[in-house]
Amino acid sequence: MNRWIPLLGREQPTPASLSTEGGLPVQVRRSDRARRMRLTVDAQGQATVVLPRRATLAQARAFVRAQSAWLERHAGKGRQAGASAQAHMQPDAQGRPTRVLLRGEWTDVHWGGGGPLQLAAHAGTAQLQSRLRALARADAQVIIDAQAERLVRVPARLSIRDQASRWGSLSGRGTLSLNWRLIMAPPEVLAYVVNHELAHLAHPNHSPAFWAEVERLMPGHDIHRRWLRREGDVLRHVLPAG
Ligand SMILES: [Zn+2]
């Protein structure tokens, strides 16, 4: 999606990163599509400054310095969430988690035992993830089926994925894509994302009419939307990708 492109001028070397006042490294990325400088911090706490083509490195450095407090706070939150998720997963001798988040609750994983998350003794994290993906698909399908009569059309397909930065999307062809990690969130949060994407069947935008449709499909959705904004990052730290 976003491409790395070289900085302007041949003599000017591309720095690996800038840093905040507190010494947090900040990657520099150029984007043809960016209109203005912006900052991102990913779930692992990696900060990046995205520059439009014409912005200079001096401008980027000043911007990063001015936003140091914000960057350091968010990167710190990311690292904390990662450490807290690691502690909650209580890995066994083979490094497999013995607990994962399931529908908003830390739930025991039984490798070769009983319980709601029972897996073969020799299974690994990949099998655990595919079980969670199957549960995400099942929960989403229940919601789609329940709403079918209230929709102008139903999604053509349900695709369970591991998007790096999105919770769900609806393609022009009507494929509803859902991030499997939502099975770890409280059930209403997964339901909100499914209903959000279903509302895009009627309105392929985020207009007031779209939000009215989300509210029609799921009255009181806003509290779940806010949960995702506030807490969603933690879902990326449990069974982290790659
Ligand atoms: Zn949307």
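The exercises below work through a predicted model of a single chain, each with a stepwise solution.

**Exercise 1. Establish how confident the prediction is along the chain, and where the pLDDT is below 50.**

Solution. Begin with the chain as a whole: its mean pLDDT is 88, and 93% of its residues reach 70 or more. Then turn to residues 1-13, over which the pLDDT is below 50, although this stretch has twelve contacts in the model beyond near neighbours in sequence.

**Exercise 2. Describe the overall build of the chain, from its secondary structure to its domains.**

Solution. Start by counting elements, which gives six helices and eleven strands. Next consider extent: the C-alpha atoms fill a box of roughly 60 × 50 × 30 Å along the principal axes, and 26% of the 242 residues count as buried. Finally, take the division into domain 1 (17-82) and domain 2 (124-235), whose C-alpha centres lie 30 Å apart.

**Exercise 3. Determine the length of helix 2, and explain how its buried residues are arranged around its axis.**

Solution. First, helix 2 spans residues 68-89, and its 22 residues reach 32 Å from the first C-alpha to the last, close to the 32 Å expected at 1.5 Å a residue. Second, list its buried positions, which are Leu 71, Ala 75, Gly 78, Ala 81, Ala 85 and Met 89. Because these residues cover an arc of only 115 degrees around the axis, they lie on the same side of helix 2. Third, look at the other side, where Ala 69, Arg 73, Ala 83 and Ala 87 are exposed. Fourth, ask what covers the buried residues: the covering elements include strand 2 (25-31), strand 3 (38-41), strand 4 (47-52), strand 5 (99-102) and helix 6 (222-235). Lastly, helix 2 is followed by Gln 90, whose phi is positive, near 40 degrees.

**Exercise 4. Identify the nonpolar cores and the elements that contribute to the largest one.**

Solution. The largest nonpolar core has 34 residues, and those with the most contacts inside it are Ala 136, Leu 178, Leu 182, Leu 190, Val 193 and Val 238. Among the elements that give two or more residues to this core are helix 2, strand 5, helix 3 (125-147) and strand 11 (175-179), while helix 4 gives the most, with eight residues. As a local example, Leu 178 touches Ala 136, Ala 140, Leu 158, Ile 160, Gly 168, Val 193 and Val 194, not counting residues up to four places away in sequence. A second, separate core of eleven residues includes Val 28, Ala 47, Ala 60 and Ala 75, and Ala 75 is also one of the buried residues of helix 2.

Note on methods
Residues numbered from 1 in each chain as written. Predicted model: local features only at pLDDT ≥ 70, side-chain atom pairs only at ≥ 80, totals over all residues. pLDDT = per-residue confidence, 0-100. Contact = placed C-beta atoms within 7 Å. Helix = DSSP H or I, 4+ residues; strand = E, 2+ residues; numbered from the N terminus. Expected span 1.5 Å × (residues − 1). Buried ≥ 20, exposed ≤ 12 C-beta atoms within 10 Å, placed from the backbone. Arc of directions from axis to C-beta. Domains from an automatic or database assignment. Core = buried A, V, L, I, M, F, W, Y, C linked by C-beta atoms within 7 Å.
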